[in-house]
Amino acid sequence: MLFPENMLRVQIITEKKRLDVVVKKIVKIGSFQPEEPKNPIGEGRLEEARRRLGLLQEQLNKIKSIMDISKITVQPSGSMKVDNWLSASEEVSILASKLEEKYKDLLEEINKLRAERDLLVVQMKQIEPFKDIDIPLSDVFNMEIFDIFIAISDMERGNTLREKLGKTVYFWSKPIDEKTLAVLVIGLKDDKIQEKAKELGISKLELEEGKAPATIYIEMKKKVENISELISKRRDELSRSAREDQKEFTTTYGKLLTVISALSLMSKAKVSDFFVQMEGYVPEKDLKKYEKDLNDYAVISSERPKRFGENEEPPVFIRMPKSIRALESIVEIYGTPSYWEISPTVFLVITFPILFGLMFPDFGDALVVFLFSVWFYKYGKRKGSDNIPKLSLVLIYGSIVAMITGLFARDFFGPLPVGGLREIFDSNSYSVGPLYYVWPVPPSVDKTINFLLPFGDFATTNSIDYAIIFSIMLGAILLFASALLGLTNAVRKKDREFLFFEKLPAFLIYIVPLVIFLWGLPKLPNATAFFDADESILGEVLNALLLKSFSANLAGYVIIWYTSATLLFNWASKIVLQMRYEKASLGSALIFGFIDGGFEGGLLLLSNTISFVRILVFALAHYYILDAFSFMAYFASQPLIGATTSTISVLLDPLGIILLVIGNLLAIGLEGLIVFIQDMRLHFYEMFSKFYEGKGKKFEPAMAYVSLE
């Protein structure tokens, strides 16, 4: 789960007459990714398999197109008997052709309507800048003295035409996009506008004779709406019919995928006079299955991939529990892990929800996000989407942690329902919220962790300082863990230069913030003493930078010296790499080595660490947005209920309710999205960049999607 599965490059050699049986057994096991043999036994190919593979792939795309347009979800299933894969491919092709033929007319009509609509949309876009002209331009074109010219031009030619015509004409232009202009020119016939435009390659926009651009635009818009409505009707018709044939789609789709897998395997095989050679990657754990099942049919040999001297890197296969597999979708945005890398998914499954919860601490708002995510997950499943359910699961995990942090923050759609007006005005003369006495986490617990909750009843003179230290301390731990993972990857890769000149300097650098922000660790479990000790060492570091008393700030000086030494080591490492691989001169290597290793290294150390302050910032932003709307709800309710001290009265006031709903929708929609993006940013830029390259390729084995008899 942490490391990719160990892969073996497996070679299977069998007699030609046994090929169909061997291929059947391989796809039944379903963990063999075919590759071109490195040392072929012959130059022959199974050309018929290659030809049929292309035809079936086209048919699969057409079946997928029908399923996409009709919006039906299909999980391949069924069974098929295979004695000869080429014969099986012909049978499956006939099944697919029948299914295609049934929907051919509808598909052609839909595609034709789409093409017509797309063409009209393009034409509408051209006419849109002139849609306010409500007189037929043909009337103007026929004028004896004046001439009018309208066109769509690129920026450069449009500006050149303006200069060429000079100030004797009326020249109007409007940008359509970054590269295109709508142009309208009015001048005398003697100005020869059209001739000059033609010289620049600008053609006049041809409009329907006798109609104003406004009329043409309206007519086109109506046509687009009518065609869209017709497309929708045809799509509904297709969808109804496809749902009736869903079982047929399921079996045909499964058979197509299975035969394509088998033919892909055969198409990469090499053939001699009597034997067929297949080669590919297999997880080491599955090798015994192949040896057992193919013992009487083929000769199997395997080799372990080498880290050096290989042009090809093995594919990556990580066995993940289904419950956390969704987080792979976030990792894959960055890239597929390399075969030699630790998978960041396990790292992400812990850190992503925790950071999301810390930045979005409100039980009520998180509950809404949770319910929306559950609905969104089911919606994605119904639509047959692969990405929507994965994204929904990520939001579900994050919202669950946010509900937990919301319990401790004692926030339920803001401070009003729990802390009430007493929390907002910080006065005992006001009442608490209706949930105050039934809230599962008592105020006494919250007061002990006020460094996490620097707002409301738990704000103290030091709580903001402690919260800043806690946020950066969390970042220091995560950055150190990321640098350690980078070091581990380099050790696994057995690349000494990569280890000593790239990853080791980074690891040594990120020890610094870890030491500083865990300086008070011996003081635990006394939280106040812990944070006071951290503030003290930060003060010593600052004093050392200002060259104050050496004896009073010894620890600060040691940290500064250590940081300087690691940055010098990083600088020297970059000099070596510049001279060795960039063939730079010593002077050039010193300059660029300093920029990459010294200056940028120090800048990243500071910026990456401080970047985690955003955890506190977004938690504060969430609280005070809803606090502000609670204030507004209180004052908005006064015309109806007067200057009250009762929280329930405010919560029952219609205008107050509207304002609180608006505030919470703003917090859920806007801030929830921003928190999700910032959480991704902390992982992608601050953490992943320390250990994760994401340049691998996915394991895509040939497998059976239906039961094989």
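Which residue is the bridge partner of Thr14 in β8? In this predicted model, that partner is Val276. The bridge belongs to a longer run of pairing, for strand β1 (residues 7–15) and strand β8 (residues 275–283) lie antiparallel to one another and are joined over 9 bridges. Strand β1 also pairs with strand β9 (residues 298–303), again in the antiparallel sense, this time over 6 bridges. Within that second pairing, Val10 stands opposite Ser302 of β9.

The segment before β1 takes part in a charged contact. Glu5 forms a salt bridge with Lys285, with 3.7 Å between the closest N and O atoms. This pair links distant parts of the chain, since Glu5 sits in the segment before β1 while Lys285 sits in the loop between β8 and α9 (287–293), 280 residues apart. The two partners can be described by their accessibility. Glu5 counts as buried because its relative accessibility is 9%, under the 20% limit. Lys285, in contrast, has a relative accessible area of 60% and is exposed.

The salt bridge of Glu5 has company, as 21 salt bridges are found in the whole structure. One of them joins Glu48 to Arg52, whose closest N and O atoms are 3.0 Å apart. Both residues belong to helix α2 (residues 47–70) and are 4 residues apart, about one turn of the helix. The spacing fits a simple rule: an α-helix has 3.6 residues a turn, so residues three or four places apart point the same way. Glu48 is partly exposed, at 33% relative accessibility, whereas Arg52 is buried at 16%. The contact is also part of a wider arrangement, in which Glu48, Arg51, Arg52 and Glu90 are linked in a network of salt bridges.

A further salt bridge connects Lys102 with Asp245, and here the closest N and O atoms are 2.6 Å apart. Lys102 is in helix α3 (residues 85–127) and Asp245 is in the loop between α7 (213–244) and α8 (246–267), so the pair ties together parts that are 143 residues apart in sequence. Asp245 is buried, with a relative accessibility of 11%.

Aromatic contacts come next, and the structure holds 33 aromatic pairs. One of these is formed by Phe412 and Trp439, which meet edge-to-face with 6.1 Å from centre to centre and 65° between the planes. Phe412 lies in the loop between α13 (387–409) and α14 (420–425), and Trp439 in the loop between α14 and α15 (443–448), so that the pair links distant parts of the chain, 27 residues apart. Trp439 has 11% relative accessibility and counts as buried.

Tyr430 and Tyr634 form another aromatic pair. Their ring centres are 6.4 Å apart and their planes stand at 80°, so this pair too is edge-to-face. Tyr430 is found in the loop between α14 and α15, and Tyr634 in helix α22 (residues 614–641), so the contact ties together parts that are 204 residues apart in sequence. Both tyrosines are buried. They also belong to a cluster, in which ring pairs link Phe425, Tyr430, Phe631, Tyr634 and Phe635. A charged residue meets a ring as well: Arg410 lies over the face of Tyr436, at 4.9 Å from the ring centre.

Helix α16 (residues 463–493) offers a check on helix geometry. Its 31 residues reach 45 Å from the first C-alpha to the last, close to the 45 Å expected at 1.5 Å a residue. Just after this helix, Lys494 takes a positive phi of about 55°.

Two individual residues complete the picture. Thr563 lies in helix α20 (residues 554–581) and is buried, with 13% relative accessibility. Residues up to four places away in sequence aside, Thr563 touches Val512 and Leu605. Pro40 lies in the loop between β2 (33–35) and α2 and is partly exposed, with a relative accessible area of 32%. Setting aside neighbours within four places in sequence, Pro40 is in contact with Lys270 and Gln277. Pro40 and Met7 are 33 residues apart in sequence, and their C-alpha atoms are 21 Å apart in space.

Technical notes
Residues numbered from 1 in each chain as written. Predicted model: local features only at pLDDT ≥ 70, side-chain atom pairs only at ≥ 80, totals over all residues. Heavy atoms only, no water. Pairing = 2+ DSSP bridges. Helix = DSSP H or I, 4+ residues; strand = E, 2+ residues; numbered from the N terminus. Phe/Tyr/Trp six-rings, centres within 6.5 Å; stacked < 30°, edge-to-face > 60°. Buried < 20%, exposed > 50% of the residue type's maximum accessible area, 1.4 Å probe, protein only. Lys NZ or Arg CZ within 6 Å of the ring centre and 35° of its normal. Expected span 1.5 Å × (residues − 1). Salt bridge = Lys/Arg side-chain N within 4 Å of Asp/Glu carboxyl O. Contact = heavy atoms within 4.5 Å.
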